[in-house]
Structure formats: structure tokens, C-alpha cells
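Dear colleague,

Please find the structure below, together with its sequence. My account of what was found in it follows directly after.

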Amino acid sequence: MSTTPSRRDRFRPLELLGFSGVVALFVAVIVLMSTRQANLTFVFGGISFIVTLMTLAMLSLTSKPTGEERLDMSQQDREQDHGH
């Protein structure tokens, strides 16, 4: 069985970054339209990007692995034990 990650697994971090970027852009546009201050726009956009990214990362850590993921982890553990 192959130990290379699937395409979906490889693009998962890009999905999180993209979603965080969209949220940050939305917040930045709202702040820019309401205050017309570029400094506040960048600050609030950056803060919302970081907060969204950290929240999504924490939520993804709380999910339980599926049966396929458990099988993959046990295979990797066995390969590590045989390698030493």
C-alpha cells in the first residue's frame, strides 16, 4: 500500500489558507469602506487572517481520525519500528 498522501490531503493546507484569506479580505473591505483608513484595513485584515487560520487549525486537530487514517497511522508506526 502506498504511503504517499492523496491529492485531497496535500491540498488541505491550501484550503485552510484560502478560506482564511477570503475571510481576511472580507473584513478588510468592510473596514476600508467604513473607516477609509488604510492602516486599520491592514491591521484588521491581518488579525482576522491569523485568528481564522488558528481557529481552523484547532478545529481540525479536534476531529477524530477515520478508519482509513487509523490504518495509515498504524502502518507508518510498523514501518518505523522495522526501520530501527
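I begin with a pair of residues in helix α1: R12 and E15 both lie there, three residues apart, about one turn of the helix. Please note that the model is a predicted one. The side chains of R12 and E15 meet in a salt bridge, with a distance of 3.4 Å from N to O. In general, side chains of opposite charge can pair when their charged atoms come close. An α-helix has 3.6 residues a turn, so residues three or four places apart point the same way. The structure holds one salt bridge. Are its two partners buried or exposed? R12 is partly exposed, because its relative accessible area of 39% falls between the limits of 20% for buried and 50% for exposed. E15 is likewise partly exposed, with a value of 41%.

Helix α1 itself covers residues 7-35, 29 residues in number. From its first C-alpha to its last it reaches 42 Å, close to the 42 Å expected at 1.5 Å a residue. The helix nevertheless has a bend of about 30° at P13.

The second helix, α2, runs over residues 38-62. Its 25 residues should span 36 Å at 1.5 Å a residue, and the end C-alpha atoms are indeed 36 Å apart.

How do the two helices relate to each other? In α1, the residues L16, S20, A24, A28 and V31 are buried, and α2 is included in what covers the buried residues of α1. In α2, the buried residues are T41, G45, S48, T52 and L56, and what covers the buried residues of α2 includes α1. A particular set of contacts is made by V23, which is found in helix α1. Leaving aside residues up to four places away in sequence, V23 touches S48 and T52, both of which are buried in α2. V23 is itself partly exposed, at a relative accessible area of 24%.

Between α1 and α2 there is a loop that contains R36. Just after α1, this residue takes a positive phi of about 60°. The value deserves a remark, because most residues other than glycine have a negative phi. R36 has a relative accessibility of 67% and therefore counts as exposed, the cut-off being over 50%.

On the surface, L25, F26, V29, I30 and M33 form a nonpolar patch. Together these residues have about 510 Å² of accessible area. One of them, I30, has its place in helix α1 and is partly exposed, with a relative accessible area of 40%.

Two separations may serve as reference distances when you inspect the coordinates. The C-alpha atoms of V23 and G67 are separated by 32 Å, the two residues being 44 residues apart along the chain. V43, whose place is in helix α2, is partly exposed at 44% relative accessible area. The C-alpha atoms of V43 and S74, 31 residues apart along the chain, are separated by 44 Å.

With kind regards

Note on methods: Residues are numbered from 1 along each chain as its sequence is written. This is a predicted model: local features need pLDDT of at least 70, side-chain atom pairs count only at pLDDT 80 or more; totals for chains, interfaces and linings use all residues. Side-chain values use heavy atoms; hydrogens and water are left out. Helices (H or I, at least four residues) and strands (E, at least two) are DSSP runs, numbered from the N terminus. The expected span of a helix is 1.5 Å times one less than its number of residues. The bend at a residue is the angle between axes fitted to the seven residues ending there and the seven starting there. Buried means under 20% relative accessible area, exposed over 50%, partly exposed in between (1.4 Å probe, protein chains only). Contact means heavy atoms within 4.5 Å. A salt bridge is a side-chain nitrogen of Lys or Arg within 4 Å of a carboxyl oxygen of Asp or Glu. Patches are made of residues with over 30% relative accessible area and no salt bridge: like charges are joined within 9 Å, nonpolar side chains (Val, Leu, Ile, Met, Phe, Trp, Tyr) within 5 Å. Accessible areas come from the Shrake-Rupley method with a 1.4 Å probe; for residues, only the protein chains shown count as cover.
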